[in-house]
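Biologist: I have the sequence and the model open side by side. Could you walk me through a few places in it while I follow along?

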Number of protein chains: 2
Amino acid sequence: MKEFKLIYDIKSRITVKDENLIQGIGDDCAVIKESGGNLLITTDAFYENTHFKRKYFTPMQIGAKAAAINISDICAMGGIPRYMFVNIGVPKKDSGNYAGLIMRGILAYAENYGIVLAGGDTIKSDKVFISITLIGRADGGFLLRSGARAGDRIFVTGRLGSAAAGLRILEKKGNKKIKDNETELVKKFISPQPKFEYGRLLLMSKCVSSCMDLSDGLISDISRICEESGAGALIYSDILPVSPSLAAYAAKTGTTAAEYALYGGEDYELLFTVPENKVKKFAKFMAGYGVAFFQAGIITSKKGVYVKRGSKTVKETYSKIWNHF
Amino acid sequence: MKEFKLIYDIKSRITVKDENLIQGIGDDCAVIKESGGNLLITTDAFYENTHFKRKYFTPMQIGAKAAAINISDICAMGGIPRYMFVNIGVPKKDSGNYAGLIMRGILAYAENYGIVLAGGDTIKSDKVFISITLIGRADGGFLLRSGARAGDRIFVTGRLGSAAAGLRILEKKGNKKIKDNETELVKKFISPQPKFEYGRLLLMSKCVSSCMDLSDGLISDISRICEESGAGALIYSDILPVSPSLAAYAAKTGTTAAEYALYGGEDYELLFTVPENKVKKFAKFMAGYGVAFFQAGIITSKKGVYVKRGSKTVKETYSKIWNHF
């Protein structure tokens, strides 16, 4: 969903420097150094027909998902979301209650995380859009994308590919006629749940070398960690965690669950790396909290992202990543 | 331009409290208390055909104005703008250079103020839009809308109404056939200049009881200061500062410059109040910096906004404020 080229282009043009800006463009959040503790800032736009179709979402669900996407970015750095700023655009014919319901969806969702709505505006627009900026606190450090090194193990916090399958089900059937075992997949797409506790635990473990949230799909997102870390990755397609519902749906549609897990976006699980010599300590730490995590591959010194399916290993190309779905 | 009803509606629904959020919804910026100094945060959306038409603006001018609007909000609280986050939406047929030029317009403008671009994204949209969040520092305090008291004098930092006249000229003539004396008015609309030094001086003077920037027009904006301060206002229409070009244009179009000054938005001058007993001290302070300011009226204990034209005083109504242009 995210388009990185322009923002990277512009990054090279920035001439103003700021010693308190520890991390600018290039990670889930910017990091600003404050004497009382660092602040994390993320911003994301959520636009009708680009990111969601109104026929699949109630206005409160639109608001909740827009909030979730931003909350997930703070969680991916191990932070605590605090202050939310919201701009909403709604067509004139919808004004009044529609914008109000989106805002209530945002507010209800954000308050679950203890977030305060601190500012924003509503305007008239042609299509519905929501642009959210979220400020969080980074107590005791933060996780970046840039720390992965060759030999580090790649992990994810949960099952992959369900949201992409959910979207495909909606595109084929609409909201009606969805079978029981497909409801789980659709729900993953409509109502993602950011991994707040996971982000905090990964940070507390002091074993994690890099982390980001999975918004665009495993292959696309691991390529960003590789880019920021100056490394490559090998993904083990056959061991990726997937739900039984996804496996059943994939088989019926003539593909495999692994294809959804590799290329499907919007799962909002966390993708992270742990140095080989800390894996044991990390596993013990996570077991102490009764929290599961799953292998996905290994960081390599050789640049590029490779996928191992059975005995065959194939290099991923950018055009393939972007055009798969 | 700003639509306040929904955001005020939602304000009453917020249940999460945060002791570090000194000012939430209801002013030019939110204020977050930090041990190293307070932070100011503002966010605004700038949407095609709602806030600008592409036929009047180059993409770099669109970017510069979107940046200016946000910078003005930080200036209105006496702050120093620091970190900018930008979401840009552009139709698919325009992607590539159009979004890039908007971004360069934002960057060039923001860097004049020492602002760092710290994050953001570009997405596909039906209409061009820009949503900016700007974080500033409030060293040595900040100015709020809520401090005006009965008897305080109302001032503005510069000539009013030019931007609204500039918009009207563009709407009637397009970019072509604009006469020399009208260029000044059009430029005020296309390229507003936030009053950064003024905001800092107003804060330093320690004489200013309330302040905001003029985005929606004098009558509309003073009514917000009154609402936040629990007071009313009397505006002296005949003494409002206007440019000779505006006076000439207004006469030719069968109205007065004062009408533009009262109801025309987007001047981005500062509107502020000074208690009666501090006016002398304030004038001396400002004279020391060689900086002018202009009388606009007086704060009253009687609620509502009144306008004095010659010997006649008339109460403003909300429908009149919103529908004048």
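Biologist: What comes right after H7(B), and what is the sign of its phi?
Modeller: H7(B) is followed by Gly230(B), which has a positive phi, near 65°. Please keep in mind that this is a predicted model, as is every value I quote from it.

Biologist: And how many residues does H7(B) itself have?
Modeller: H7(B) has 12 residues, running over 218–229 of chain B, and from its first C-alpha to its last it reaches 16 Å, close to the 16 Å expected at 1.5 Å a residue.

Biologist: Why would you call H7(B) largely enclosed?
Modeller: Nine of its 12 residues are buried, so H7(B) is largely enclosed by the rest of the structure. The buried set consists of Leu218(B), Ile219(B), Ser220(B), Asp221(B), Ile222(B), Arg224(B), Ile225(B), Cys226(B) and Ser229(B).

Biologist: Let's switch to the two chains. How many residues of each are in contact?
Modeller: On the chain B side 53 residues are in contact, and they meet 53 residues of chain A. Several elements of chain B each supply at least two residues to that side, among them helix H1 (5–11), strand E4 (80–90), helix H3 (97–112) and strand E6 (129–138).

Biologist: Which element gives the most?
Modeller: That is E5(B), which contributes nine residues to the side of chain B that touches chain A. By class, the residues of that side divide into 23 nonpolar, 17 polar and 13 charged.

Biologist: Is there a residue in chain A that touches both chains, say Ser131(A), and what does it touch?
Modeller: Leaving out residues up to four places away in sequence, Ser131(A) touches Ala45(A) and Asn87(A) in chain A, and Ala45(B), Asn87(B) and Ser131(B) in chain B. Ser131(A) lies in strand E6 (residues 129–138) of chain A, and its C-alpha is 5.9 Å from that of Val86(A), although the two are 45 residues apart in sequence.

Biologist: Buried or exposed, that Ser131(A)?
Modeller: Ser131(A) is buried, with 34 other C-beta atoms within 10 Å.

Biologist: Back to H3(B), then. At what angle do H2(B) and H3(B) pack?
Modeller: H2(B), residues 59–75, and H3(B) pack at an angle of about 45°, with their axes 7 Å apart, and they are therefore oblique to each other. Their crossing is right-handed.

Biologist: Which residues make that contact?
Modeller: From H2(B) they include Met60(B), Ile62(B), Gly63(B) and Ala67(B), and from H3(B) they include Leu101(B), Ile102(B), Gly105(B) and Tyr109(B). The residues of this contact divide into 14 nonpolar, three polar and one charged.

Biologist: How far does H3(B) reach, and what follows it?
Modeller: H3(B) has 16 residues and reaches 23 Å from its first C-alpha to its last, close to the 22 Å expected at 1.5 Å a residue. Just after H3(B), Gly114(B) takes a positive phi of about 75°. Among the buried residues of H3(B) are Ala99(B), Gly100(B), Met103(B) and Leu107(B).

Biologist: Which residues other than glycine have a positive phi in chain A?
Modeller: I can give you two examples, and some background helps here: most residues other than glycine have a negative phi. Asn49(A) has a positive phi near 70°, and Glu266(A) has a positive phi of about 70°.

Biologist: Where do they sit, and are they buried or exposed?
Modeller: Asn49(A) is in the loop between strand E3 (38–47) and H2 of chain A, and it is exposed, with 12 other C-beta atoms within 10 Å. Glu266(A) lies in the loop between helix H9 (257–263) and strand E10 (270–274) of chain A, and with 24 C-beta neighbours inside 10 Å, Glu266(A) counts as buried.

Biologist: Last one: what does Cys207(A) touch?
Modeller: Beyond residues up to four places away in sequence, Cys207(A) touches Val274(A), Lys278(A), Lys281(A), Phe282(A) and Phe285(A). Cys207(A) is placed in the loop between helix H6 (196–205) and strand E8 (210–213) of chain A, and it is buried, with 21 other C-beta atoms within 10 Å. Cys207(A) and Phe282(A) are 75 residues apart in sequence, yet 6.0 Å apart in space, C-alpha to C-alpha.

Note on methods
Residues are numbered from 1 along each chain as its sequence is written. Chains are lettered from A and ligands numbered from 1 in the order in which they are written. This is a predicted model: local features need pLDDT of at least 70, side-chain atom pairs count only at pLDDT 80 or more; totals for chains, interfaces and linings use all residues. Helices (H or I, at least four residues) and strands (E, at least two) are DSSP runs, numbered from the N terminus. The expected span of a helix is 1.5 Å times one less than its number of residues. A residue is buried if 20 or more other C-beta atoms lie within 10 Å of its own, exposed if 12 or fewer, and partly exposed in between; C-beta atoms are placed from the backbone. Two residues are in contact if their C-beta atoms, placed from the backbone, lie within 7 Å. Ala, Val, Leu, Ile, Met, Phe, Trp, Tyr, Cys and Pro count as nonpolar, Asp, Glu, Lys and Arg as charged, and the others, Gly among them, as polar. Axes are lines fitted to C-alpha atoms, for helices over the stretch in contact, and angles run from 0 to 180 degrees between N-to-C directions. Angles under 35 degrees count as roughly parallel, over 145 as roughly antiparallel, 65 to 115 as roughly perpendicular and the rest as oblique. A crossing is left-handed if the near helix is turned anticlockwise from the far one by less than a right angle, and right-handed if clockwise.
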